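Here are my notes for your first reading of this fold. Please keep the sequence beside you while you go through the points.

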Amino acid sequence: MTRKLSFVLGIVLLAITSRPVLAHHGGAAFDQTKQQTLQGTVTMLDFVNPHVVVWFDVQNPDGTSTKWSGWLTAPNKLQRAGWTKHTLNPGDKVTIVGNQQKNGSPVLQIRSVAGPDGKNLPTFEQ
């Protein structure tokens with residue numbers, strides 16, 4: 001009986017410890033050495049966990065546009081800073097400063113957002 005119990009406990013321990021570890025990814029995917037400033041038009045605001053995402057189009061010098069996404073903190077933190085799911089709406093003109101992903105994808109870790117009125121929106125709770 002002891003061998004069977006040890007075997008079962010071993011299987012249970014293996015099952016528990018082999019699950020994927022849930023960890024916050026931080027800013028390692030983003031180039032923290034340089035920031036860029038983009039002006040664009042909001043297409044969507046995903047006010048959901050784990051991060052609020054601003055989707056926006058940026059006009060390129062050649063007349064084409066690039067679809068960007070900008071990552072902010074969690075919605076509950078932005079709510080405490082005064083945000084709602086309607087703080088930014090499709091069609092709003094924004095200026096976003098952030099760090100682009102290291103792989104060159106059109107994805108930013110947002111550092112600041114100026115809304116349609118030109119005023120900076122709080123990106124963290126005070």
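How many helices and how many strands does the protein have? The points below start from that count.

1. Overall layout. This is a predicted model. The protein has two helices and six strands. Going along the sequence, the order of these elements is α-β-β-β-α-β-β-β. There are 126 residues in the protein, and 29% of them count as buried. The accessible surface comes to about 8,600 Å², with 59% of that area belonging to carbon and sulfur atoms. Among contacts with a separation of 6 or more, 53% are between residues 24 or more positions apart.

2. The hairpin of β1 and β2. Strand β1 covers residues 36-46, and β2 covers residues 53-59. The two strands run antiparallel and are joined by five bridges. They form a hairpin with six residues between them. To find the pairing in the model, look for V42, which stands opposite F56 in β2.

3. The loop residue H51. H51 is found in the loop between β1 and β2. Is H51 buried or exposed? Its relative accessible area is 12%, so H51 counts as buried. A polar atom of the H51 side chain lies 2.9 Å from the backbone oxygen of L72.

4. The hairpin of β2 and β3. Strand β3 covers residues 65-71, and it pairs with β2 in the antiparallel sense over seven bridges. Two of the facing pairs can be checked by eye: V54 stands opposite G70, and V58 stands opposite T66. Five residues lie between the strands of this hairpin, and G63 in the turn has a positive phi of about 95 degrees.

5. The parallel partner of β3. Strand β3 is also joined to β5, which covers residues 107-114. These two strands run parallel, with three bridges between them. Here S69 of β3 stands opposite V107 in β5.

6. Salt bridges. The structure holds two salt bridges. In one of them K67 meets D57, with the closest N and O atoms 3.6 Å apart. K67 lies in β3 and D57 in β2, so this pair ties together parts that are ten residues apart in sequence. K67 is exposed because its relative accessible area is 63%, against a cut-off of over 50%. D31 and K34 also meet through their side chains, at 4.0 Å from N to O. K34 counts as exposed too, at 56% relative accessibility.

7. The nonpolar core. In soluble globular proteins, nonpolar side chains tend to be buried together. Which residues touch the most other members of the largest nonpolar core? They are L45, V54, F56, L72, W83, L88 and I96, out of 19 residues in that core. Strands β1, β2, β4 and β5 each supply at least two residues of this core. Two residues from the pairings above return here, V54 and F56.

8. A closer look at I96. Strand β4 covers residues 93-100, and I96 is a good residue to select in the viewer. Leaving aside neighbours within four places in sequence, I96 is in contact with Q36, T37, L38, V54, F56, L108, I110, S112 and V113. Both V54 and F56, listed with I96 in point 7, are therefore worth displaying together with it.

Note on methods
Residues are numbered from 1 along each chain as its sequence is written. This is a predicted model: local features need pLDDT of at least 70, side-chain atom pairs count only at pLDDT 80 or more; totals for chains, interfaces and linings use all residues. Side-chain values use heavy atoms; hydrogens and water are left out. Two strands pair if DSSP finds at least two bridges between them. Helices (H or I, at least four residues) and strands (E, at least two) are DSSP runs, numbered from the N terminus. Buried means under 20% relative accessible area, exposed over 50%, partly exposed in between (1.4 Å probe, protein chains only). A nonpolar core is a set of buried Ala, Val, Leu, Ile, Met, Phe, Trp, Tyr and Cys residues joined through side-chain atoms within 4.5 Å. Contact means heavy atoms within 4.5 Å. A polar contact is a pair of N or O atoms within 3.5 Å; within protein, one must be able to donate a hydrogen and the other to accept it, and residues adjacent in sequence count only if both atoms are side-chain atoms. Accessible areas come from the Shrake-Rupley method with a 1.4 Å probe; for residues, only the protein chains shown count as cover.
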